[in-house]
Amino acid sequence: MVDAAGEEIYRNTERTLTGSRFDSPDIEILRDDLCKVLYEAVDEKVEFLFDDRITSITQDESGLEATFANAAPRRFDLLIGADGLHSGVSKRAFGPEENFMHRLGDWYVATFGMPNFLGLAQGCRYKGICGFQFCRAS
């Protein structure tokens, strides 16, 4: 972490921004990158619906039926809700998120990819300005 002058005031050499250990065999991947990898891997074998939302889910022994705001209802063996934070799919499948969410205070994180112009190796650089923090993860 750096102060307003860019001077380092804290360094974590054990964990990433999301809490994973650097020496872990696990990997972290940004959502956009994961979506691209999965989309390209299944090619035309899987149906994707974009720019729509699920309005109801009805499950039985042989699968489920999903109704949509725009598209016709469809029957599926498996439904993957990739609609992000505060997921409407999760809400319809499991109930209100308040039943499952545990707040940890006023912590908000947004991440994005960018060139590693600072030459960071397995780390992040945070800058706190007026209550905001900016981070660059390598």
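1. Rings of Phe, Tyr and Trp count as a pair when their centres lie within 6.5 Å. With that in hand, a good place to start in this predicted model is the aromatic cluster formed by Tyr39, Phe48 and Phe50. A search of the whole structure finds three aromatic pairs, and two of them are worth a look here. Tyr39 and Phe48 meet edge-to-face, with 4.7 Å from centre to centre and 65 degrees between the planes. Phe48 and Phe50 are stacked instead, at 5.9 Å centre to centre and with 5 degrees between the planes.

2. Are these three rings buried or exposed? Tyr39 has a relative accessible area of 42% and is partly exposed. Phe48 is also partly exposed, at 34%. For Phe50 the value is 58%, and because exposed means over 50%, Phe50 falls in that class.

3. Now for the overall layout. The protein has two helices and five strands, and from the N terminus on they follow the order α-β-β-β-α-β-β. The chain has 138 residues, of which 10% count as buried. About 11700 Å² of the protein is exposed, and carbon and sulfur atoms supply 55% of that area. If you take the contacts between residues at least 6 apart in sequence, 29% of them join residues at least 24 apart.

4. The sheet comes next. Three strands form an open sheet in the order 1-2-3, with antiparallel pairing. Strand 1 (54-60) and strand 3 (74-76) are the edge strands; each has a single partner strand, so one side of each lacks a neighbour in the sheet. From one strand to the next, the twist averages 25 degrees. As a reminder, strands of a sheet pair through backbone hydrogen bonds, either parallel or antiparallel.

5. How many bridges join strand 1 to strand 2? There are six, and strand 2 covers residues 63-68. Within this antiparallel pairing, Ile54 stands opposite Phe68 of strand 2.

6. Ile54 and Phe68 appear again in the largest nonpolar core, together with Leu64, Ala66, Phe76 and Val89, which makes six residues. Strand 2 gives the largest share of this core, with three residues. In soluble globular proteins, nonpolar side chains tend to be buried together, and this core is a nice place to see such a grouping in the model.

7. Ala66 deserves a closer look within that core. Leaving aside residues up to four places away in sequence, Ala66 touches Ile54, Ser56, Pro73, Arg74 and Phe76. Two of these partners, Ile54 and Phe76, are members of the core themselves. Ile54 lies in strand 1 and Phe76 in strand 3, the two edge strands of the sheet.

8. Finally, a word on helix 2, which spans residues 88-94 and includes Ala93. Is Ala93 buried, exposed or in between? Its relative accessible area is 45%, so Ala93 counts as partly exposed. Ala93 and Thr58 are 35 residues apart along the chain, yet 8.8 Å separates their C-alpha atoms. Thr58 belongs to strand 1 (54-60), so this pair gives you a handy link for viewing helix 2 and the sheet together.

Methods:
Residues are numbered from 1 along each chain as its sequence is written. This is a predicted model: local features need pLDDT of at least 70, side-chain atom pairs count only at pLDDT 80 or more; totals for chains, interfaces and linings use all residues. Side-chain values use heavy atoms; hydrogens and water are left out. Helices (H or I, at least four residues) and strands (E, at least two) are DSSP runs, numbered from the N terminus. Buried means under 20% relative accessible area, exposed over 50%, partly exposed in between (1.4 Å probe, protein chains only). Contact means heavy atoms within 4.5 Å. Accessible areas come from the Shrake-Rupley method with a 1.4 Å probe; for residues, only the protein chains shown count as cover. Two strands pair if DSSP finds at least two bridges between them. Axes are lines fitted to C-alpha atoms, for helices over the stretch in contact, and angles run from 0 to 180 degrees between N-to-C directions. Rings of Phe, Tyr and Trp (its six-membered ring) pair if their centres lie within 6.5 Å; planes under 30 degrees apart count as stacked, over 60 as edge-to-face and the rest as tilted. A nonpolar core is a set of buried Ala, Val, Leu, Ile, Met, Phe, Trp, Tyr and Cys residues joined through side-chain atoms within 4.5 Å.
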